[in-house]
Amino acid sequence: MFQFLKSNASITLFLLVGFWAIATFAFVQAGISPLVWELKYYLLGQKLNEGFRMYQDIRDNSGPFTAGFFQLIEFLKFPISWNAYWATGIILFQAIVFQRTINRYELMAPLGNMPFFMYMLFLHISLDFWVPSAALLGLTFLILAWREIIRQQSTLQVEDRVFLIGLFIGAAGLCYPTYYLFIFWGFLSLLFYSGINPRQMLLVLVGFLIVNGITALLYTYNGNLSYLVDVFQKSALVFHTPAWADIKHIASTYVPALILGFYGLWTVIQRPKIKSNGQKAQQTNFIWIIISFFAVFTLPANNSHNFLFILPPLAYFTLNLFFLLKRYWIQELILIGFVASVWFSWQSEWKNSSYNRVQAGKLPIKNERLMVLGGQIDEYQTNQMSGPFVNWELSNDLFLEMNTYQTVVKLQRYLEMDSPTYIYDPAGNFPRMRFYLPYLKDKYVEVQKHLYKRKN
């Protein structure tokens, strides 16, 4: 297997791409239930296309670029089952950039298509990664920023293209706000390992600010910039420590990648006989790891797919094993062992497919306009969502402030704009809504516990 992947022939790359295409097709045809956050993204795009405004009406901590991506997917009427194709396409693009950067700037001894294969395998270590997410979308821009950093480090004189580094990192943050921290990675990598001057450092900052400035102007024009800032302050930009139970579950997904990545890092420390460009790239990726450690404490949720930004530097460090370890059988064993661990990970997640995936709805209704005043978005699989409450964890604040005039007007506008046939209220918020909006008492009647139906 190692000799096949080490080949630089184009046919090898075509065969690898074909393999991932077939695997993705098989995954889609298996018809596995969508992930909870996958359905949330689908509903987000749906509500944006119905005229609800991001952050002002829909309180969700997805970045503006991520929201726009899923709005486009829903606008084009692509089914949710096609998400695996988009994810594989995004990862394929990232893997090609990853491999071409390594080959073009001679960061390692020739490894053929091994960088491409390892990147694809690392970014598919979990079934959760077969779906496009904010972290995956933003990672595309981080990989492009990494390529530009390597380009600048490989030249004697830094070019004004450093502007693109700030631009890419800013765009990554607009997909996934945690990625804003990587601007420090960009600055440190250029400051320590390139001949950058103060004017060019300022160019990096300008690139970072300009993409965010344009976005801020657009949201100001639409009147919802303050809502964007408020949502990010309460969720995406808050430091918190992951719970131990979450850490154990996530570690079970990332352990093989962490072991190989840090073993590769240790190997290059023990055998530092690599070219200058390669040394700079190793150190740049190590800074990426350090920034990733701090980024873990800013994640919007402790799900495995939110941690995938740590995988590219681990994939890079793992490649050290395939040119620094000289014994062929060790290289082959490492490769087969990692492929086997990924396969067993898929099998385990497939058997426990109920974890984090949408379950069958419990309500006795189908194909109805439904508003759920709670986190039970499972019910939207067989019903049409009404209202903007995509992320209940953030939307719930609205019902805690129901005694204010502004909140009452907003709730009334939601009901008039997208009036539901049924309202499911497992948290007991609807009686309070009827107190502040008395006309609802005559409009909806309780047909079973927590379920209200609109009168004809």
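Two strands count as paired if DSSP finds at least two bridges between them, and strands here are DSSP E runs of at least two residues, while helices are H or I runs of at least four, both numbered from the N terminus. On that footing, strand 4 (residues 444-448) and strand 5 are antiparallel partners joined by four bridges. This is a predicted model, so local features need pLDDT of at least 70 and side-chain atom pairs count only at pLDDT 80 or more, though totals for chains, interfaces and linings use all residues. Residues are numbered from 1 along each chain as its sequence is written, and side-chain values use heavy atoms, with hydrogens and water left out.

**The sheet**
- Five strands make up an open, mixed sheet, and their order is 2-1-3-5-4.
- Strand 2 (384-385) and strand 4 sit at the edges with a single partner strand each, so one side of each has no neighbour in the sheet.
- Strand 1 (residues 369-372) runs parallel to strand 3 over three bridges, and Met-371 has Ile-423 as its bridge partner there.
- Strand 3 (residues 422-424) also pairs with strand 5 (residues 451-454), this time antiparallel and through three bridges; Tyr-422 faces Lys-453.
- Between strands 4 and 5, Glu-446 is opposite Tyr-452.
- The hairpin of strand 4 and strand 5 has two residues between the strands, and His-450 takes a positive phi near 75 degrees.

**Glu-379**
- You'll find Glu-379 in the loop between strand 1 and strand 2.
- Its relative accessibility is 5%, so Glu-379 counts as buried (buried means under 20% relative accessible area, exposed over 50%, and partly exposed in between, with a 1.4 Å probe and protein chains only).
- Beyond neighbours within four places in sequence, Glu-379 is in contact (heavy atoms within 4.5 Å) with Gly-361, Lys-362, Leu-363, Leu-370, Val-372 and Tyr-424.
- From Glu-379 to His-450 is 71 residues in sequence and 13 Å in space, C-alpha to C-alpha.

**The nonpolar core**
- The largest nonpolar core (buried Ala, Val, Leu, Ile, Met, Phe, Trp, Tyr and Cys joined through side-chain atoms within 4.5 Å) has 151 residues, and Leu-139, Tyr-179, Phe-182, Trp-185, Leu-308 and Leu-311 have the most contacts inside it.
- Helix 7 (residues 134-153) supplies the largest share of this core, twelve residues.
- Setting aside neighbours within four places in sequence, Trp-185 has contacts including Leu-142, Trp-146, Ile-169 and Trp-288.

**The pockets**
- On a 1 Å grid over the protein atoms alone, a pocket is an open set of points where a 1.4 Å probe fits, with protein on both sides within 12 Å along at least five of seven lines; lining residues have an atom within 4 Å of a point.
- The largest pocket has a volume (the space filled by probe spheres set on the points, which are joined across faces, edges and corners) of about 720 Å³.
- Its lining has 29 residues, and Pro-300, Ala-301, Asn-303, Asn-391 and Glu-393 are the closest to the centre.
- Helix 3 gives the most to that lining, with four residues.
- By class, the lining of the largest pocket is 14 nonpolar, twelve polar and three charged residues (Ala, Val, Leu, Ile, Met, Phe, Trp, Tyr, Cys and Pro are nonpolar, Asp, Glu, Lys and Arg charged, and the others, Gly among them, polar).
- The second largest pocket holds about 380 Å³ of space, and its lining divides into 13 nonpolar, two polar and no charged residues.
- Helix 12 gives the most to the lining of the second largest pocket, with five residues.
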